[in-house]
Amino acid sequence: MQKLVLVLSIVFIILTFAGAGYVLLNRGNGNAGYAAIPMVCALACISFYRHKE
């Protein structure tokens, strides 16, 4: 279970940077939620991982 949560957190972090890059490449016309939503999920996964250690 811990390895799955760790892998999910890494995937969500990659999606966060991809979403931020998309917004920046579109000169801010993209939705900021493309970066914010995966970051919330990544923080939740990291918190769960640290709590279960």
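**Helix H1 and its surroundings: group meeting presentation**

Good morning. I begin with Ser 9, whose place is in helix H1. Please keep in mind throughout that we are looking at a predicted model.

Is Ser 9 buried or exposed? With a relative accessible area of 4%, Ser 9 falls under the 20% limit and is therefore buried. Leaving aside residues up to four places away in sequence, Ser 9 touches Ala 42, Cys 45 and Ile 46.

Ser 9 is one of the buried residues of H1, a list that also holds Val 5, Thr 16, Gly 19 and Val 23. What covers these buried residues? The cover includes helix H2, residues 33-52.

Let me turn to the dimensions of H1. The helix is made of 24 residues, and its first and last C-alpha atoms are 35 Å apart. That span is close to the 34 Å expected at 1.5 Å a residue.

Next, a position one residue before Ser 9 in the numbering of the display: Leu 8 also belongs to helix H1, which runs over residues 2-25. Leu 8 has a relative accessibility of 35% and so counts as partly exposed. Together with Met 1, Leu 4 and Phe 48, Leu 8 makes a nonpolar surface patch of about 410 Å².

I now come to the aromatic residues. In general, two numbers describe a pair of aromatic rings: the distance of the centres and the angle of the planes. How many aromatic pairs are counted here? The count comes to one aromatic pair. The partners are Tyr 22 and Tyr 34, with ring centres 5.4 Å apart and planes at 75°; because an angle over 60 degrees counts as edge-to-face, the pair is placed in that class. This pair links distant parts of the chain, since Tyr 22 is in helix H1 and Tyr 34 is in helix H2, 12 residues apart. As for accessibility, Tyr 22 is partly exposed at 43% relative accessible area, and Tyr 34 is likewise partly exposed, at 45%.

Finally, the backbone. Most residues other than glycine have a negative phi. Which sign does phi take at Arg 27? Arg 27, a residue other than glycine, has a positive phi, near 55°. Arg 27 comes just after H1, in the loop between H1 and H2. Its relative accessible area is 77%, so Arg 27 is exposed.

To close, I return to the starting point: Ser 9 is buried, whereas Arg 27, in the loop, is exposed. Thank you for your attention.

Note on methods
Residues are numbered from 1 along each chain as its sequence is written. This is a predicted model: local features need pLDDT of at least 70, side-chain atom pairs count only at pLDDT 80 or more; totals for chains, interfaces and linings use all residues. Side-chain values use heavy atoms; hydrogens and water are left out. Patches are made of residues with over 30% relative accessible area and no salt bridge: like charges are joined within 9 Å, nonpolar side chains (Val, Leu, Ile, Met, Phe, Trp, Tyr) within 5 Å. Accessible areas come from the Shrake-Rupley method with a 1.4 Å probe; for residues, only the protein chains shown count as cover. A salt bridge is a side-chain nitrogen of Lys or Arg within 4 Å of a carboxyl oxygen of Asp or Glu. Helices (H or I, at least four residues) and strands (E, at least two) are DSSP runs, numbered from the N terminus. Buried means under 20% relative accessible area, exposed over 50%, partly exposed in between (1.4 Å probe, protein chains only). The expected span of a helix is 1.5 Å times one less than its number of residues. Contact means heavy atoms within 4.5 Å. Rings of Phe, Tyr and Trp (its six-membered ring) pair if their centres lie within 6.5 Å; planes under 30 degrees apart count as stacked, over 60 as edge-to-face and the rest as tilted.
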